[in-house]
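The following exercises ask you to work through strand pairing, burial and nonpolar packing in the structure shown here. Each task is followed by a solution that goes step by step.

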Amino acid sequence: MTATLHALGCGRSAGAYYTDDPNREARPRTRDNYYSQGGSGTWWSRGSTIVRNGAPVDTETFRDLCAGVDPRTGKPLVRGAGQQHRAGWDITFSTPKTFGILWAAGTPQQRAVLERIQQEAVDQALQFMVSERLVEVRLGAGGRSREAPADISVAKFPHFTSREGDPACHTHSVLLNLASHGKRVLTVEPKRTYRWQLVLGSAFRTALAQKLCEIGCALRPAGRDQFEIAGIPEAMIKHFSRRSQQIKACVGNDASAAEKEIANLSTRRSKVTVPTEMELEERWKREFATFDIDPWTAVLEAGRAPRLQQSPEITPDFDPPEIPGITCVATAASTLLRTESVLTRKALLHRSFVEAALHGHSIETVYNEIANLEAAEKLVRLDQSQAGQHWTTPAIAAEEAKLLRLVAQRVPGSWFKSEAVEAALSAAPRLSEEQRQAIRLAASTDPVCLLEAGAGTGKTTLIKGAVDAARRSDLKVIGLAPSWVAADELSCSAGIEAVAIARFRHELASGQRSIPDANTVIIVDEAGMVGTRDMAAIFEAATIGSSPGELNRSPKILLSGDRRQLASVGGGSAMKAVSDIIGRKATLSRVLRQSVDWQRAASVVMAQGDSQAGLRTYAEHGSLDLIAGRKAALERAIEAWQEFRRSHGDDVLIVTRRNRDAVALNLIARDILRQDGQIRGDDLRVRAVDRDDVPGPFLLAIGDKLRFGETLRQHGIRNGTRGTIEKCWRSGDGFAHIGIRLEDGRLIQGPWSGFVDQRRRRNSGVPKVVHAIAGSAYSAQGRTASATVHYIGSATDARETYVALTRHRHDARIVVESQRLDAACRGHQADPRNPAARSAMLERLFDEAGRYHEKANVVDFAADRLEFIEKGALWGPKSKGILNILAAFNTSRRLEEVACSVSGRAHDLAAYLRQFVTSFLPDRKMPASVRSILTKVQSYAHRQSKPKLHLQKRFVAYEYER
């Protein structure tokens with residue numbers, strides 16, 4: 001039950017060519033004859049300029065418009081009309097299976113009601129598509145400009161059965177590649193429709209759900225943001241889902257939409273073999289009789305039943321829901337804001353429609369609630385668009401402003417003793433010059449120091465050196481990290497007290513920990529994964545007030561991490577925000593971890609943000625396998641793991657993206673370890689909750705390596721802790737017991753049901769544990785191994801690629817399940833039945849690896865950054881190209897000092913500043929004050945030749961913007 005999008009063929013002949021082909025429906029690019037023959041189509045149009053809204057679809061008119069030709073005159077409507085003109089796009093809106101079952105079991109009157117509901121929902125979805133400007137027209141030279149059309153034309157063809165003769169209500173909505181704009185007819189640009197495909201489907205489901213609730217139906221969640229009509233048993237749903245079962249049998253439950261489409265083409269039978277109308281009616285009647293239940297009676301009874309109100313799961317959290325309430329938008333926004341500081345329109349509408357559909361609310365209800373939350377200032381708009389595109393909340397904006405204010409207001413001080421720093425450097429002769437300079441920066445008078453270290457560049461060694469210098473300076477050192485795994489790693493490697501940030505905040509709030517004094521250095525490791533709220537709490541705890549005239553000294557803060565590895569779990573990119581304020585940072589770029597030259601080079605380019613180039617390097621050196629089929633790809637990943645184990649022992653990681661892939665790999669790897677004798681004894685069958693928070697069967701035996709997914713205070717086990725089973729047995733009362741040796745050497749014994757967070761209500765009594773041979777990129781973050789196998793079974797991205805390919809010291813192998821890549825590439829071929837070339841699949845994979853997303857900060861949208869930092873003000877007059885004179889004077893002085901201190905690349909600085917200014921201030925409108933600044937910088941660039949200070953261009957840009 002969703003909206004799917006397919007491109008049609010070209011020209012009028014696209015449908016006529018297949019008129020006599022009984023298998024013509026199997027070709028998604030040539031569907032027009034199928035549409036016009038399959039049912040009574042009607043036109044949908046916003047302004048009736050090309051076709052009349054609600055009029056029946058005439059086959060000849062439809063074909064002419066597919067060719068871009070005026071049916072009345074035969075003249076071209078657009079450039080390129082004719083056989084090479086793209087006909088349009090098929091947007092198929094599919095209802096839930098229970099809707100189709102209800103339609104098939106209904107009387108003619110009941111069917112008419114459901115058909116009306118279906119078409120009204122399609123109409124609302126199409127109106128949503130237009131209102132949100134998901135369809136645009138191309139204007140200007142080369143069609144580079146995009147504008148909303150005045151009118152679009154959509155041919156709607158309702159269908160009610162699948163190729164197997166099962167009830168399957170769906171509507172093919174053919175968006176023609178024609179749209180009116182003023183007095184012209186132009187071609188359509190559907191890129192936004194593709195990008196918003198999920199949102200469009202959720203809008204259709206919302207409209208459909210509202211109409212169903214109006215006739216007395218109740219709805220229930222069906223997983224993956226879908227719903228089904230309550231009352232119809234699962235056995236009946238499965239019986240009438242023959243087509244989906246065929247597709248699942250072909251590609252599995254986890255297949256992508258493209259894979260399912262290819263499977264749909266390869267397994268479908270000819271339409272001529274589908275039973276006729278009367279045969280189907282008789283067959284359905286016999287099949288319904290076997291269930292001894294009337295679907296309409298069951299559905300209406302379920303609709304009259306009182307709805308149970310479930311109490312929400314209560315979990316300890318410092319940050320309650322951002323927007324109180326249980327309405328659809330409040331729930332959606334609060335859910336999204338747990339991991340983001342800024343809401344996009346696309347994400348908010350999608351999540352809100354999902355919530356609205358389950359409660360039978362309308363699309364209009366969602367829009368109204370967003371407007372009401374804006375009016376009540378519970379949602380704060382961050383842009384000046386007619387319809388808001390980005391939002392945050394006052395609390396998040398205030399928290400971010402507080403963080404930036406605390407960073408900006410910190411004053412320099414003398415924490416480290418110079419002789420202590422030099423002694424620490426002398427005691428570590430193996431430090432590189434890059435690491436030594438970073439330690440000197442960490443020991444400087446700056447109150448906040450940023451140590452940005454790419455994967456494998458020696459960050460641990462750097463931190464150990466900084467800790468040694470701090471101790472020689474009689475300073476206390478506290479380590480913080482976003483997870484207990486990272487905190488324990490920091491504690492072991494640096495020899496300091498280190499705790500998870502959540503624990504640090506809890507201890508401060510409860511009075512269990514005193515506020516750090518001025519003689520303290522706080523090291524925040526993996527700072528790139530720290531959210532805005534956590535970072536603000538750290539800086540607030542490390543800020544000591546002072547009386548007037550008294551020297552203000554607070555603890556020194558060292559932030560260590562890499563923004564290009566895994567993003568923060570919480571909202572915002574705190575490390576980026578802090579980096580923009582402090583300007584200076586030390587960067588470790590020399591990779592030390594990998595022993596092979598080309599692998600080190602790949603790590604360097606990935607640390608610089610080009611994960612695509614890194615992945616290409618591994619492919620060029622023969623370290624990437626494309627394997628068709630999930631089963632074969634999993635087996636190849638295990639083969640690679642075994643090959644590495646023969647060379648490197650058990651110090652081999654398997655890194656995946658999806659937890660379900662890790663589960664499958666763990667089960668196969670267990671069989672290998674059992675054959676090798678590392679896993680012994682009979683399997684003990686128990687239940688466990690996986691990383692997707694789903695309970696299921698779990699196998700235990702002596703030698704199994706496990707990873708805990710939650711903190712267990714009663715056993716002193718932290719989230720992410722690993723251990724090996726040394727004992728497992730069932731007691732006389734039938735309860736399972738284990739003895740597990742943890743990584744720290746402790747042996748913990750007890751009943752299996754006792755390894756549960758006692759505060760957890762959901763799935764209480766079931767441990768949250770997974771096998772630890774294979775794991776996701778998040779579980780591998782911070783780990784190092786001799787070799788790594790990276791299994792790619794779903795769409796990847798730059799962060800995952802970077803993390804997975806920088807864990808190893810000696811070798812890495814990438815195994816890619818290529819069926820989804822093949823299916824995605826076929827969708828862009830002239831004939832999707834032909835397999836995609838290996839080069840095309842690789843390019844698709846490389847494109848995925850180049851996708852990098854950094855979480856947005858509120859300050860990025862502030863009209864005046866200084867005003868936002870000082871007062872938390874987001875609003876202000878738009879810039880009209882006039883520079884404030886005082887700001888220009890102060891900026892001029894700053895940039896004169898900058899120009900005096902930069903290296904021989906000062907010419908680049910001058911050019912960069914001019915490019916930066918002209919990006920928002922046209923050269924012809926540039927005031928004399930701005931020209932003066934640029935001239936001074938350029939003149940100093942000519943005079944200065946010796947470097948005195950390493951300065952980042954980003955900092956210069958930020959200073960100018962101020």
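**Exercise 1.** Determine which residue of S8 is the bridge partner of His 181, and describe how the two strands are joined.

*Solution.* The bridge partner of His 181 in S8 is Arg 184. This is a predicted model, in which local features need pLDDT of at least 70 and side-chain atom pairs count only at pLDDT 80 or more, while totals for chains, interfaces and linings use all residues. Residues are numbered from 1 along each chain as its sequence is written, and side-chain values use heavy atoms, with hydrogens and water left out. Strands here are DSSP runs (E, at least two residues), helices being runs of H or I with at least four residues, and both are numbered from the N terminus; two strands pair if DSSP finds at least two bridges between them. S7 and strand S8 (residues 184-186) run antiparallel and are joined by three bridges. Two residues lie between the strands of this hairpin, where Gly 182 takes a positive phi near 70°.

**Exercise 2.** Identify the further antiparallel partners of S7, and explain why S7 is largely enclosed.

*Solution.* Begin with strand S6 (residues 151-161), which runs antiparallel to S7 and is joined to it by nine bridges; within this pairing, Pro 158 stands opposite Thr 171. S6 and S7 form a hairpin with five residues between them, and Gly 165 in its turn has a positive phi of about 80°. Next, strand S3 (residues 88-94) pairs with S7 in the antiparallel sense over seven bridges, with Ile 91 opposite Ser 173. Finally, consider burial, where buried means under 20% relative accessible area, exposed over 50%, and partly exposed in between (1.4 Å probe, protein chains only). Because 14 of the 15 residues of S7 (residues 167-181) are buried, this strand is largely enclosed by the rest of the structure.

**Exercise 3.** Find which residues touch the most other members of the largest nonpolar core, and list the contacts of Leu 212 outside its sequence neighbourhood.

*Solution.* A nonpolar core is a set of buried Ala, Val, Leu, Ile, Met, Phe, Trp, Tyr and Cys residues joined through side-chain atoms within 4.5 Å. In the largest one, which has 151 residues, Leu 212 and Leu 559 touch the most other members. Helix H5 (residues 108-131) supplies the largest share of this core, nine residues. With contact defined as heavy atoms within 4.5 Å, and leaving aside neighbours within four places in sequence, Leu 212 is in contact with Phe 99, Leu 114, Ile 117, Cys 217, Leu 219, Phe 227 and Ile 229.
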